Amino acid sequence: MASLTQQRRAGAPWLSPPSMGIRAVKAVVISLIVVTMIYPLVYVIAMSFAAPSQARAGVVFPTEFSLDAYRAIFNGGTVTQGLTNSLFITVVGTLLSLAATSMLAWGLARTRQVPGAKFVLVMILATMFFSAGIIPNFMLVKYLGLLDSTWSLIIPGLISAFNMIVIRNFFQGLPEELIEAARIDGAGEWRIFLQIVLPLSKPVLAVMGLFYAVGYWNTYFNALLYINDAEKWPIQVVLQQYVLAGVQIPGAIVSPDQPPPPGVTLQMAVIVLATLPILIVYPFLQRYFTSGVLTGAIKG
Amino acid sequence: MSVKTAARPETRTARASGPSAASKRKGSLLQRIWRERWTYTFIVPGALFFLVFAYAPMLGNIVAFQQYSPFRGFAGSPFVGFANFTVLFEDPAVLQALENTLVIAVLQLVFAFPAPIALALLLNSLLSERLKRMVQTIVYLPYFLSWVIVISVWQQVLGGGGLVAGLLDGWGVSGFDAMTNADTFKLLVVAQNIWKDCGWGTIIFFAAIASIPNDRYEAAAIDGATPWQRTWHITLPALVPVATLLLILNIGSILTVGFEQLLLQQPMVGSEAAEVLDTFVYFRGVLGGQWGVATAAGLLKGVIGTILVLSANKIAKRLGGEGIY
């Protein structure tokens with residue numbers, strides 16, 4: 001089990017390939033892992049397109065397909081409303097979070113020169129080790145009058161201390177000469193930030209943006225806690241209601257003279273709709289897994 | 001881990017007016033503040049954010065010592081000393097929640113904690129770089145799905161009326177439902193955790209493996225070490241610092257076990273198997289209206305968690321490890 005990346009193997013003729021037996025065991029184990037990871041998702045996606053006759057337990061993969069479930073869901077409106085709400089939270093939240101986080105990161109990038117910056121930094125880092133708890137947070141949101149407002153899902157989590165540190169680290173690695181030159185030329189902090197720092201930091205902003213976006217899209221508990229009005233629920237709460245709590249999807253009919261699609265197919269379709277944006281964003285996220293930006297980020 | 005970066009001496013000495021750090025220091029504090037006035041426009045809003053949304057709620061914990069009622073508010077509610085805590089210790093539901101929390105946490109440490117290490121070693125042993133990338137792409141994905149999605153998907157596959165139940169039904173075994181079985185629920189929770197996070201957890205170990213100099217393997221191979229021996233004596237020791245760090249973080253959060261995950265599944269398996277400290281706080285406080293008792297539980301949990309992470313860190317340092325700060 002030594003480290004045998006291709007590159008290493010090419011430069012390391014002393015490594016002999018493993019025996020057939022070991023290779024067979026590895027192949028089986030890895031196939032099992034891959035199937036366990038991916039099959040449940042493939043199953044759900046496939047079943048959401050299954051024709052009514054196929055929508056029963058025990059069908060491993062449907063053979064007849066239909067779009068009725070999606071038609072019915074979009075006719076119903078509740079799921080569409082949930083998706084719209086989540087989209088708003090995700091887009092607005094991500095933009096605001098990126099703006100607030102990068103501003104703070106730039107402000108705290110030079111703790112040496114700026115009196116008090118070090119203190120603020122330590123205070124922010126400390127918040128990573130404690131949390132006030134569910135009820136005090138609830139009371140704060142209530143006190144601020146944010147209950148039942150979409151903003152309660154954005155504002156309390158606007159800046160993640162961890163993401164701020166990652167961006168700050170990136171800022172500190174930017175070429176100093178460039179920034180100093182701009183200062184000598186008389187550029188102010190804001191101009192430097194907007195015209196030099198941000199354009200140079202696109203990679204880290206992209207990664208952090210994607211992480212914020214995934215977080216906002218997946219918002220569930222805060223919505224459960226802060227939002228009573230079903231009209232304002234994000235898609236995760238809608239999904240929980242229809243799939244896990246077993247509430248019927250209202251108005252889920254394809255047309256008046258046709259029986260509604262089976263409940264299972266509807267549930268699968270809601271799961272797929274709630275997952276879709278993540279699946280779309282995933283390939284972009286994935287580019288950074290290997291580029292090192294992320295490993296650096298995780299290591300802090 | 002991040003505090004270390006904070007303590008790192010600044011490399012930047014950029015100031016237009018002051019050519020060196022030393023001459024800058026000469027200015028009085030007020031002068032230095034004035035010079036950086038624009039920088040504060042970056043810092044103050046963010047600092048206020050943390051003050052309001054991270055520090056201000058701490059004050060809300062005062063409710064733990066009150067007979068709180070939302071109508072009377074903080075100021076109007078009578079103080080009751082430690083009465084809420086006494087109620088907690090006498091409530092069998094709290095003991096049940098604590099027991100569930102600890103059992104799940106221990107199962108996580110035993111099964112879910114080593115899983116990414118094993119997976120990283122396995123993937124790292126693959127000869128084909130392309131196959132490795134492919135597998136990585138697949139195993140990282142569930143990390144990005146919300147718990148609602150994960151549990152919905154599991155429900156469709158392992159729940160009653162789900163895929164597996166249907167297959168077993170065809171073979172004459174009826175009534176399979178892994179999602180509502182209270183006896184095996186804790187193992188189910190751990191399995192879900194491994195499914196969701198194990199792949200993502202390998203990233204940090206891959207980074208550690210990549211930093212091992214190749215000549216160590218070469219020297220060992222030339223001296224006749226088998227692949228297993230090389231893994232045991234070279235790869236694994238290199239993973240120890242990272243693993244220690246993660247272990248510390250895990251121990252610090254031992255009282256916090258998958259809140260959303262359990263909250264979502266509790267209606268299906270019942271509170272006896274699925275009540276943990278966090279869900280207790282939510283159900284008792286927010287839904288049940290016993291604000292004081294629930295806040296006391298939350299506060300106690302928070303304090304113990306902080307003590308745990310600080311002591312785990314101290315122990316790791318004493319054992320010669322790095323610690324997180």
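**View 1. The annotated domain of chain B, shown in a predicted model.** In the UniProt record, an unreviewed entry, "domain: ABC transmembrane type-1" covers residues 98–312 of chain B. The model here is predicted. Across residues 98–312 of chain B, 77% is helix and 0% is strand. If you pick the C-alpha atoms at the two ends of that span, you'll find them 20 Å apart.

**View 2. Transmembrane regions of chain B, as UniProt lists them.** The unreviewed entry puts "transmembrane region" at residues 38–59, 101–126, 138–157, 194–213, 234–259 and 291–310 of chain B. Two of these are worth zooming in on. Residues 194–213 of chain B are 85% helix and 0% strand, with 30 Å between the end C-alpha atoms. For residues 234–259 of chain B, the helix content is 77%, strand is again 0%, and the end C-alpha atoms sit 37 Å apart.

**View 3. Two domains in chain B.** The assignment splits chain B into domain 1 (2–65) and domain 2 (83–318). Their C-alpha centres lie 36 Å apart. Where the two touch, domain 1 of chain B supplies four residues and domain 2 of chain B supplies six. On the domain 1 side of that contact, the residues are three nonpolar and one polar, with no charged ones.

**View 4. Chain A, built from helices.** Chain A has 14 helices and zero strands, so don't go hunting for a sheet here. Of its 300 residues, 39% count as buried. Take the contacts in chain A between residues at least 6 apart in sequence: 73% of them join residues at least 24 apart. The domain assignment gives chain A a domain 1 (17–68) and a domain 2 (78–250), and 36 Å separate their centres, taken over C-alpha atoms.

**View 5. Transmembrane regions of chain A, from the UniProt record.** The unreviewed entry lists "transmembrane region" at residues 27–51, 87–107, 119–139, 151–171, 192–214 and 264–285 of chain A. Residues 192–214 of chain A come out as 96% helix and 0% strand, and their end C-alpha atoms are 30 Å apart. Residues 264–285 of chain A are 100% helix and 0% strand, with the end C-alpha atoms 31 Å apart.

**View 6. A close look at helix H9 of chain A.** H9(A) takes in residues 189–200, 12 residues in total. From first C-alpha to last it reaches 15 Å, close to the 16 Å expected at 1.5 Å a residue. Its buried residues are A:Ile192, A:Phe193 and A:Val197. Looking down the axis of H9(A), these buried residues fall within an arc of 95°, so they line one face of the helix. As a reminder, an α-helix has 3.6 residues a turn, so residues three or four places apart point the same way. A:Gln195 and A:Pro199 are exposed on the other side of H9(A). What do the buried residues of H9(A) pack against? Their partners in chain A are helix H4 (78–107), helix H7 (161–172) and helix H8 (176–184).

**View 7. Where chain A meets chain B.** Here 95 residues of chain A are in contact with 98 residues of chain B. Helix H2 (residues 20–48) of chain A brings the largest share of chain A's side, with 10 residues. By class, that side of chain A has 64 nonpolar, 21 polar and 10 charged residues.

How values were computed
Residues are numbered from 1 along each chain as its sequence is written. Chains are lettered from A and ligands numbered from 1 in the order in which they are written. This is a predicted model: local features need pLDDT of at least 70, side-chain atom pairs count only at pLDDT 80 or more; totals for chains, interfaces and linings use all residues. Two residues are in contact if their C-beta atoms, placed from the backbone, lie within 7 Å. Helices (H or I, at least four residues) and strands (E, at least two) are DSSP runs, numbered from the N terminus. Ala, Val, Leu, Ile, Met, Phe, Trp, Tyr, Cys and Pro count as nonpolar, Asp, Glu, Lys and Arg as charged, and the others, Gly among them, as polar. Domain bounds come from an automatic or database domain assignment. UniProt positions are given in the numbering used here, feature names are shortened, and annotations may be inferred rather than shown by experiment. The expected span of a helix is 1.5 Å times one less than its number of residues. A residue is buried if 20 or more other C-beta atoms lie within 10 Å of its own, exposed if 12 or fewer, and partly exposed in between; C-beta atoms are placed from the backbone. The arc is that of the directions from the helix axis to the C-beta atoms.
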